[in-house]
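Please open the structure in your viewer and keep the selection tool at hand. The stops below can be taken one after another, at whatever pace suits you.

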Amino acid sequence: MEVHSNEGGHMIEVCGDVTPSVSVSKFCGEVKCGFSDSKDNSKDEQERVSSMRKLCIAVVLCVIFMGVEVVGGIKANSLAILTDAAHLLSDVAAFAISLFSLWASGWEANSRQSYGFFRIEILGALVSIQMIWLLAGILVYEAIMRLLHETGEVEGFLMFLVAAFGLVVNIIMAVLLGHDHGHSHGHGGHDHGHGHEHGHQHDHEHGHEHNHEHGHSHNHGHGHGEGDDVDHHEHEQPLIKTTTAKKKARNINVQGAYLHVLGDSIQSIGVMIGGGLIWWKPEWKIIDLICTLVFSVIVLGTTINMLRNILEVLMESTPREIDAGKLETGLCEMDEVVAVHELHIWAITVGKVLLACHVKIKSEANADMVLDKVIGYIRREYNISHVTIQIEREEK
Amino acid sequence: MDSAILTQKQDLESPRMLNGEFIFTGGGGDRRYAFSRQTSFRQSIEPHTPNDYSKPFLSRSASSIDIPPATVYSQDAAENLWREEAGFLAQEKGPVNKFSILLVVSSVFRILKSGNRLTKRLLMLIFLNVAYSTVELLIGLLSGHIGLVSDAFHLTFGCGILTFSLFAIVTSQKKPDRSYTYGYKRLEVLAAFTNALFLLFMCFSLAVEALHAFIQDESEHKHYLIVSAVTNLLVNIVGVWFFRNYTRINLVYRNAEDMNYHSVCLHVLADSIRSAGLILASWLLSLGVRNAEALCLGLVSVTVFMLVLPLFKATGGTLLQMAPSGIPSSALNKCYRQVISRDDVSEVSLPRFWELVPGYVVGSLTLQVKEGMDDRPVLQYVQGMYQDLGVQELTVQTDYTVNSHSLH
């Protein structure tokens, strides 16, 4: 473990003996102290700043492209392009939420928020996932409406062009957001790889109806693509698997934005293929609805994992990587410990874990020493440093 | 009110509680405090420790800021039923995952048998909405009116949200288990938050629709929607009547279910306001008022936004683990000063309190006890004091030496 120097205190060396530290600053005289994770502060800060920068660039790019599409759409008087611009607007909203959450999580803790503002990013991710669900629902609804309306002509070529443009935009942003996380080489090849797979799997299924009313068969609902699941499931799966802050964990907000964009690019490829097909054979209209439904279901399926993680944090459940039973048994195996109860382990946000419990010790034991041992054990074995232990003596 | 001496394991029922009944606070009295069955829960003691631990020195006296005493799940028969049906769920790491159809049907029957009156009403409301939307969908498809179909979809989406609320109510009664050490009560707050969020989205979409109508200025396509709007309004008025006790804007939340029911009430209220707005818009249009639709939709959007915002802020605050709204910070500061003024305490640090659900406050605190003093009386004093204040669960770490152990 590395040793950082924090605001005036020394670090406890975790391996080996547990030496008490002289961190006078932790016991400030005021009522509330911040939830400062001294070990990870600098690393967190770095990660935050870089994530914010990336998202800022992504937002700016998105806005620029949206502007281009709006102008082009008004000039060409095509509703398709305008609705795609509206879709980019929803992307901007999602990025904005992520950005805000990132920024807010750096705020100082105060008396109303004694744990700091880290939870905001979880809530922000929840909001953007709900938006994804909402949009998927809206797209299904629109597809059904299009089917029922049965009006308008099909414009395969325009669809193709707009989808291609959207794909370029999305690829740029996917590369931007995903690029320094060690999977980058994988992802560079991702999108092309997906193009091929989709080509094989979907070329007979992607007929998209295109009419002027709704115009927009992009089905930009954030389909994350089967290829995703098939090939690189294990990359997308771990939301953040951190027991130590050292692992290159993707910030949950950047991950959300990245998934958003990647799914869009998959959809764009699908629509391009569909547009090409419609251009070539314009009679397959119901395929549109089927495709939309399929993609929406896929989107919802891929968000379920992230949603589950979010839910677990919000319900204050024990994080998955920590085995509460084992921890309890480990504690009880210590000599002086009689019992452990009211053990609560929960996470403020993914990666920041707290623990609170009551430990009952033999009445003749030295409470100080036991406290040291317990805290050291927990820190050593499970790497939880925000610990509150209430030592109780057994009543004789 | 009486004062009761509680240990953490006895399930005393306050005489104020009635099982499954909905209590009105006197005719013409303050209806702001919507009571319902107090189903706060207690901690499950880990199976491995002997059950002789108790804190006999803790007493809960009745004070005006007191939160009603935490008791066990008072519907134990229902609990056992749930347990038998879904024993395996208790070990799962997530209630969302394995939820079979059989479970759904059996839980529906369980609600009908033993649910809270409000829960039953919610179930009825959902059924009503589903039936109505199905009928509307069929009529729309058969007769070709697209507006009816779209309305049916909107209603179905709303039904989905209501079902999630119901699911939250049912699931939140499960006892805490190994991975959800605080139990499932938070799910209700989450459901309320989801509801509030959905309503905010609806506001936004209504505003966009108003803008759209303003720009496009088409005023002729709403006529056949009047009948559907009227029936929609009626259905939602029924819903509002069911949950009439929660129609206050600034409701005080006493327990988790309050938030959930409030969100359901707001949902049906918003729907009915929207239908009323549509009816008003078409009437104004028939009178020849220009831009009536945009005006009415805009008005509806603003109204719903104002209604939903307090709920959104409250649920968001609970989920963000803000300082508990039920306990004023002045009281907490007073406690802090009292503890620090004791002889044997030299420092108090890192006091953190948060609300699991409204009415259940959890906290943690670190003390530094002066050298050589016994920590037991301090511990009991601190615990007792905060218990009186309404903090149900407090973990106090006492350090002895100046070289601290904890780097919080």
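What follows is a short tour of a predicted model, beginning with confidence in chain A and moving on to chain B and some cysteines.

**Stop 1: confidence along chain A**

Colour chain A by pLDDT, and bear in mind while looking that its average is 69, with 62% of the residues scoring at least 70. Which element of chain A has the lowest mean pLDDT, and which the highest? Select residues 184–202 of chain A to see helix 5, where the mean is lowest at 36, and then residues 352–361 of chain A to see strand 2, where the mean is highest at 90. Next select residues 1–34 of chain A, a stretch whose pLDDT is below 50, although the model gives this stretch 68 contacts beyond near neighbours in sequence. Residues 181–248 of chain A also have a pLDDT below 50, and for this stretch the model shows 182 contacts beyond near neighbours in sequence.

**Stop 2: the layout of chain B**

Now hide chain A and show chain B as a cartoon, in which you can look for ten helices and three strands. If you follow chain B from the N terminus, the elements come in the order α-α-α-α-α-α-α-α-α-β-β-α-β. Of the 408 residues in chain B, 55% count as buried, and the surface that chain B exposes comes to about 17,300 Å², with carbon and sulfur atoms supplying 64% of it. Among the contacts in chain B with a separation of 6 or more, 75% are between residues 24 or more positions apart.

**Stop 3: a serine in helix 6**

Select residues 225–242 of chain B, which form helix 6, and within this helix pick out B:Ser228. Is B:Ser228 buried or exposed? B:Ser228 counts as buried, because its relative accessibility is 6%, under the 20% cut-off. Leaving aside residues up to four places away in sequence, B:Ser228 touches B:Tyr132, B:Glu136, B:Leu148 and B:Asp151, so display these side chains as well.

**Stop 4: cysteines without a bond**

A disulfide is a covalent bond between the sulfur atoms of two cysteines, and over all chains this structure holds zero of them. Show A:Cys56, which is in no disulfide and whose nearest cysteine sulfur, in A:Cys62, is 13 Å away. A:Cys56 is partly exposed, with a relative accessible area of 36%.

Finish at B:Cys265, which counts as buried at 1% relative accessibility. Why does B:Cys265 form no bond with the closest cysteine sulfur? That sulfur, in B:Cys203, is 15 Å from the sulfur of B:Cys265, which is too far for a bond.

Definitions and conventions:
Residues numbered from 1 in each chain as written. Chains lettered and ligands numbered in written order. Predicted model: local features only at pLDDT ≥ 70, side-chain atom pairs only at ≥ 80, totals over all residues. Heavy atoms only, no water. pLDDT = per-residue confidence, 0-100. Helix = DSSP H or I, 4+ residues; strand = E, 2+ residues; numbered from the N terminus. Contact = heavy atoms within 4.5 Å. Buried < 20%, exposed > 50% of the residue type's maximum accessible area, 1.4 Å probe, protein only. Disulfide = S-S within 2.5 Å. Areas by Shrake-Rupley, 256 points an atom, 1.4 Å probe, with all protein chains shown as cover.
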